[in-house]
Amino acid sequence: MLKKMGEAVARVARKVNETVESGSDTLELRLEGNLLHRLPNEVSTLQHLKAIDLSRNQFRDFPEQLTTLPALETINLEDNDIVDVPVEKLATMSSLHSVNLRSNPLNAEVRAIAPPLIKFHMLVSPEGARAPPP
């Protein structure tokens, strides 16, 4: 398990470094299914990033580096272990259109405070629902 985690982190670091070093205006970063539980700090340098897919990982905390990316339009965090979300920070992101938080054990407070604060689509599973383990 530790070896797989190390390999996943190495893949993510390579992908992020390639994106940063190429200087391209990469619009999408796909890191789904990599056993990640946090993002490398280099993600904060991707100021032109429009979409990120972090589904099917092991995030327990919402990756707050994402709230500093001004061009970000879509965040996919489906099927992780996220309980709390920085709704206030997300609400200030003017480019954000959609955040997918389905199959996460979100707390009731997030479900209650999010709708009046946000201007984007927040996709969540019905309260108490959780995807069955694979």
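Is Ser55 buried or exposed? Select Ser55 and have a look: at 6% relative accessibility, this serine counts as buried. Keep in mind as you click around that the model is predicted.

Ser55 sits in the loop between E2 and E3. Now show its surroundings. Leaving aside residues up to four places away in sequence, Ser55 touches Glu32, Gly33, Asn76, Leu77, Glu78 and Asn80.

From that list, pick Glu32 and add Arg30: their side chains meet in a salt bridge, 2.9 Å from N to O. Next, add Asp53, whose side chain forms a salt bridge with Arg30 at 4.0 Å, N to O. This pair links distant parts of the chain, with Arg30 in strand E1 and Asp53 in strand E2, 23 residues apart. Arg30 is partly exposed, at 46% relative accessibility, while Asp53 is buried, at 11%. Bring in Glu28 too, and you have a network of salt bridges made of Glu28, Arg30, Glu32 and Asp53.

Hop over to Lys89 and Glu64 for another salt bridge, 2.6 Å from N to O. Lys89 lies in helix H2 and Glu64 in the loop between E2 and E3, so the pair ties together parts that are 25 residues apart in sequence. The whole structure has five salt bridges.

Time for the surface. Select Asp61, Asp84, Glu88 and Glu109, which form a negative patch there. Asp61 is in the loop between strands E2 and E3 and is exposed, with a relative accessible area of 58%.

Last stop: Ser103, in the loop between strand E4 and helix H3. Ser103 counts as buried, at 10% relative accessibility. Its C-alpha is 7.1 Å from that of Val124, although the two are 21 residues apart in sequence.

Technical notes. Residues numbered from 1 in each chain as written. Predicted model: local features only at pLDDT ≥ 70, side-chain atom pairs only at ≥ 80, totals over all residues. Heavy atoms only, no water. Patch = residues over 30% accessible without salt bridge, like charges linked within 9 Å, V, L, I, M, F, W, Y side chains within 5 Å. Areas by Shrake-Rupley, 256 points an atom, 1.4 Å probe, with all protein chains shown as cover. Lys, Arg positive; Asp, Glu negative; His and termini not counted. Charge placed at Lys NZ, Arg CZ, Asp CG, Glu CD. Helix = DSSP H or I, 4+ residues; strand = E, 2+ residues; numbered from the N terminus. Buried < 20%, exposed > 50% of the residue type's maximum accessible area, 1.4 Å probe, protein only. Contact = heavy atoms within 4.5 Å.
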